[in-house]
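Okay, thanks for having me. Let me put the structure up on the screen, and then we'll walk through it piece by piece.

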Amino acid sequence: MRRFFLSVLLVAFVLAFAGYAFAGPAKVGIMTGTTSQGEEEYRAALEMIEKYGADRVIHVTYPDKFMDEQETTIQQIMSMAADADVKAIVVAQGVPGTSAAIDKVKEMRPDVFFINVVPHEDPMLAAQKADIVMETDNPMRGVTIIELAEKMGAKTFCHISFPRHMSYPLLAERRDIMKAECEKRGIEWVYINAPDPTGDAGIAGAQQFILEDVPRQVEKYGKDTAFFSTNCGMQEPLIKAVLMTGAIYPEQCCPSPYHAYPGALGIEIPEGKAGDVAFILEAIEEKIVEAGRGGRFATWKVPINMAFIYASTEYAFDLGEGRVSGFDREHMENLMAKYAGEIKTRTYENKETGEKADNFLLVVGESIIFGAK
């Protein structure tokens with residue numbers, strides 16, 4: 001069945017390529033996770049459909065168990081590129097299989113422009129395959145998150161992850177920097193090995209582990225313990241558990257006021273307030289202060305992964321309509337400033353090999369501590 005599906009895609013590619021000269025208005029493809037893996041990215045894609053029109057934005061999702069279903073991820077990306085009017089594809093997040101999909105697409109349509117947001121694969125590989133790569137500056141966050149945790153009163157720092165994430169170079173580098181920063185500041189470092197949400201227990205099993213383990217850790221190390229998890233699906237139960245125990249929560253894996261906070265705190269966002277960052281920040285602070293946890297919870301002032309998708313989609317349309325050509329760092333940084341406000345940007349460099357990727361942009365945003373005095 002898979003071979004048949006791939007054969008159909010190849011035929012579609014041939015037809016699309018043959019008819020490229022007769023293509024219509026530029027379209028953009030967006031691939032995100034489902035609502036269970038990354039709800040705000042999924043919602044950002046829907047916002048782009050609303051902004052540009054369903055006839056100009058194609059949205060598909062990668063499977064929840066993307067490690068086991070990489071062929072599906074490849075097929076989803078290829079299905080978007082089969083439309084001759086699709087000039088660019090935004091992948092958020094760049095799960096395993098993304099680079100292979102780009103190769104397959106480029107074989108038939110070298111004109112398709114790829115923007116890879118939050119790549120899960122090797123950074124240099126991602127930079128070599130995609131035209132632009134966007135990610136939070138995880139090595140720098142290794143410093144800023146510990147600085148923030150210390151400012152919030154942390155005496156212990158619990159880093160929650162699993163082997164698959166720790167095989168990602170940037171996440172592993174951030175972990176090592178965090179550990180070194182904790183040692184430098186006299187903060188006790190604790191690594192917690194959690195179930196992988198893509199494993200047999202699934203997302204539900206990983207979430208249940210968080211709800212059960214955080215109280216154990218607080219009982220052992222005390223309330224001045226900061227918790228950080230590398231996984232999106234773990235954030236909501238982590239916020240709930242930290243709120244219940246009175247511990248510290250510096251920020252999410254993908255920092256944003258929309259990431260897990262509304263669900264964990266029971267915040268309903270009125271239709272007219274969707275996308276109103278000031279509203280959601282105020283609503284979160286109200287809930288945190290009401291619970292007597294002021295100064296114990298924080299995040300970035302902007303929804304960074306949503307900003308990545310907004311900026312990348314606009315860049316993709318600018319490219320498709322001739323307002324920009326190829327990779328233009330200044331143009332992308334201007335769009336990021338438009339959607340994310342005050343940010344710091346640098347390009348990726350592998351410290352071990354000295355390799356650089358000028359098309360790989362790393363971003364750090366500004367933090368807010370809710371209810372801080």
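So, to get going: in what order do the strands of the seven-stranded open sheet come? Keep in mind that we're looking at a predicted model here. Reading across, the order is β2-β1-β3-β4-β5-β11-β10, and the pairing is mixed. At the edges you've got β2, residues 57–61, and β10, residues 344–349, and each of those pairs on one side only. From one strand to the next, the twist averages 20°.

Let's zoom in on one pair in that sheet. Strand β3, residues 86–94, runs parallel to β4, residues 113–119, and six bridges join them. If you want a residue to click on, take I89: its bridge partner in β4 is F114.

Now, what packs on this sheet? One helix is α4, residues 98–108, which touches β3 and β4. The direction of α4 makes about 175° with that of β4. Then there's α13, residues 304–320, and that helix touches β1, β2, β3, β4, β5 and β11. For α13, too, the angle to the direction of β4 is about 175°.

Okay, second sheet. This one is open as well, with three strands in the order β7-β6-β8, and the pairing is parallel. β7, at 188–193, and β8, at 225–229, are the edge strands with a single partner each, so one side of each has no neighbour in the sheet. The twist here averages 20° from strand to strand. β6, residues 156–161, is joined to β8 by five bridges, and the two run parallel. To find your way there, look for I160, whose bridge partner in β8 is S229. Packing on this sheet is helix α10, residues 235–245, in touch with β6 and β8, and its direction makes about 170° with that of β8.

Next up, a helix pair: α6 and α8. At what angle do their axes cross? It's roughly 35°, with the axes coming within 8 Å. The crossing is right-handed. On the α6 side, the contact includes N138, P139, R141 and G142, and on the α8 side you'll find L170, L171, E173 and R174 among the residues they meet. Sorted by class, that contact has nine nonpolar, two polar and seven charged residues.

Hang on to those two helices, since they come back when we look at the empty space. How many cavities of 30 Å³ or more does a search of the whole structure find? Just one. The volume of this largest cavity is about 320 Å³. Of the 26 residues lining it, Q93, V118, H120, H165 and L171 are the closest to its centre. The elements giving two or more residues to that lining are β4, β5, α6, α7 and α8, and α8 gives the most, with four. L171, by the way, is also one of the α8 residues in the contact with α6. As for chemistry, the cavity lining divides into 12 nonpolar, nine polar and five charged residues.

Now the pockets, which I guess is what you docking people have been waiting for. How much space lies in the largest pocket? About 750 Å³. It has 27 lining residues, and nearest its centre are E39, E40, R43, Y258 and P262. Which element gives the most to that lining? That's α2, with 10 residues. Helices α2 (35–52), α9 (202–221) and α11 (261–265) each supply at least two. The class breakdown is 11 nonpolar, nine polar and seven charged.

The second largest pocket holds about 210 Å³ of space. Here we have 13 lining residues, with T144, I343, K344, V364 and G365 nearest the centre. This one takes us back to the seven-stranded sheet: β10 and β11 each supply at least two residues of the lining, and so does α6, residues 138–151. The top contributor is β10, with three residues, and β10 is one of the edge strands we started from. By class, you get four nonpolar, four polar and five charged residues.

That's my tour. Happy to rotate things around if anyone wants another look.

Methods. Residues numbered from 1 in each chain as written. Predicted model: local features only at pLDDT ≥ 70, side-chain atom pairs only at ≥ 80, totals over all residues. Heavy atoms only, no water. Pairing = 2+ DSSP bridges. Axes fitted to C-alpha atoms, helices over the stretch in contact; angles between N-to-C directions. Contact = heavy atoms within 4.5 Å. 1 Å grid on protein atoms, 1.4 Å probe; cavity = no way out; pocket = protein on both sides within 12 Å on 5 of 7 lines; lining within 4 Å. Points joined across faces, edges and corners; volume = space filled by probe spheres on them. Nonpolar A, V, L, I, M, F, W, Y, C, P; charged D, E, K, R; others polar. Left-handed = near helix turned anticlockwise from the far one by under 90°.
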